[in-house]
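Open the model in your viewer and keep the sequence panel beside it. The tour goes from selection to selection and says what is there at each stop.

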Amino acid sequence: MVTLNTGSLFYATFNAISYFYMVCSWGGYTFIINLIPMHVLLCIVTGRYSSRLYIAYAPLVVLGTLLAALVPVVGFNAVMTSEHFASFLVFIIIHVVALVYYIKGILSPRMFKVAVTLVLSVGM
């Protein structure tokens with residue numbers, strides 16, 4: 001909550017360390033690592049994306065996964081099992097959304113529409 005309100009990388013790192021502690025102490029950590037991406041995805045879908053959401057979520061996934069891999073019981077399963085795929089999928093989605101917002105801020109509204117049309121045409 002503090003990370004979303006402040007957008008501080010310090011608190012985002014603290015969230016990842018807290019997640020690491022949870023991985024070390026509780027086998028049900030996968031419930032949490034699936035609830036957080038669902039919340040982030042819901043925020044994106046409802047139009048509540050902000051750079052603070054990005055700052056809160058991206059370090060949690062990267063640092064949290066790296067730290068979770070250090071736990072002997074979890075190991076490389078933090079990357080390989082399907083239990084964690086939701087967090088990685090939302091991680092990719094939030095990067096795409098951040099890129100779109102960044103490009104939208106740089107281009108004029110007319111040029112942004114042209115760019116979107118071009119990307120969708122090439123994508124199809």
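Before the stops, a term: an axis here is a line fitted to C-alpha atoms, for a helix over the stretch in contact, and the angle between two axes runs from 0 to 180 degrees between N-to-C directions. Two packed helices are described by the angle between their axes and the distance between the axes. The model on screen is a predicted one.

**The whole chain**

Select everything and colour by secondary structure. The protein has seven helices and zero strands, and from the N terminus on its elements run α-α-α-α-α-α-α. Along the principal axes, the C-alpha trace spans about 50 × 35 × 20 Å. The chain holds 124 residues, of which 31% count as buried. Taking contacts between residues at least 6 apart in sequence, 69% join residues at least 24 apart.

**Spans from the UniProt record**

Now select residues 5-114. An unreviewed UniProt entry places the feature "domain: Oligosaccharyl transferase STT3 N-terminal" there. In the model this span is 78% helix and 0% strand, with its end C-alpha atoms 34 Å apart.

The unreviewed UniProt entry also lists residues 20-42, 54-79 and 85-103 under "transmembrane region". Select residues 20-42: helix makes up 87% of the span and strand 0%, and the end C-alpha atoms lie 24 Å apart. Move to residues 54-79, where the chain is 69% helix and 0% strand and the end C-alpha atoms are 21 Å apart.

**Helices H4 and H6**

Select residues 51-68 for helix H4 and residues 85-106 for helix H6. The two pack at an angle of about 140°, and their axes are 10 Å apart. H4 is therefore oblique to H6. The crossing in which H4 passes H6 is left-handed.

Show side chains at this contact. From H4 come Leu53, Tyr54, Tyr57, Ala58, Val61, Val62 and Thr65. From H6 come Ala86, Ser87, Phe88, Val90, Phe91, Ile94, His95 and Ala98. Sorted by class, the contact of H4 with H6 has 12 nonpolar, three polar and no charged residues.

**Helices H2 and H4**

Keep H4 and add residues 9-25, which form helix H2. The axes of H2 and H4 come within 8 Å and cross at roughly 35°. This crossing of H2 and H4 is right-handed.

On the H2 side, the contact is made by Leu9, Ala12, Thr13, Asn15, Ala16, Ile17, Tyr19, Phe20 and Val23. On the H4 side, select Ile55, Ala56, Pro59, Leu60, Leu63, Gly64, Thr65, Leu67 and Ala68. The contact of H2 with H4 has 14 nonpolar, four polar and no charged residues.

**Helices H2 and H3**

Hide H4 and select residues 29-45, helix H3. H2 and H3 pack at an angle of about 145°, with 9 Å between their axes. Tyr19, Met22 and Val23 of H2 meet Tyr29, Ile32 and Ile33 of H3. The residues in the contact of H2 with H3 divide into six nonpolar, no polar and no charged.

**Three single residues**

Centre the view on Val23, which lies in helix H2. Is Val23 buried or exposed? Its relative accessible area is 6%, so Val23 counts as buried, the cut-off being under 20%. Leaving out residues up to four places away in sequence, Val23 touches Tyr29, Ala68, Val71 and Val74. For a distance to check in the viewer, take Val23 and Ile33: 10 residues apart in sequence, they are 9.9 Å apart in space, C-alpha to C-alpha.

Next, pick Thr30, in helix H3. Thr30 is buried, with a relative accessible area of 12%. Which residues does Thr30 touch, not counting those up to four places away in sequence? They are Glu83 and His84.

Last, go to Lys113, placed in helix H7, residues 109-123. With a relative accessibility of 62%, Lys113 counts as exposed. Draw a line from Lys113 to Thr81: the two are 32 residues apart along the chain, and their C-alpha atoms are separated by 39 Å.

Terms used
Residues are numbered from 1 along each chain as its sequence is written. This is a predicted model: local features need pLDDT of at least 70, side-chain atom pairs count only at pLDDT 80 or more; totals for chains, interfaces and linings use all residues. Side-chain values use heavy atoms; hydrogens and water are left out. Helices (H or I, at least four residues) and strands (E, at least two) are DSSP runs, numbered from the N terminus. Angles under 35 degrees count as roughly parallel, over 145 as roughly antiparallel, 65 to 115 as roughly perpendicular and the rest as oblique. A crossing is left-handed if the near helix is turned anticlockwise from the far one by less than a right angle, and right-handed if clockwise. Contact means heavy atoms within 4.5 Å. Ala, Val, Leu, Ile, Met, Phe, Trp, Tyr, Cys and Pro count as nonpolar, Asp, Glu, Lys and Arg as charged, and the others, Gly among them, as polar. UniProt positions are given in the numbering used here, feature names are shortened, and annotations may be inferred rather than shown by experiment. Buried means under 20% relative accessible area, exposed over 50%, partly exposed in between (1.4 Å probe, protein chains only).
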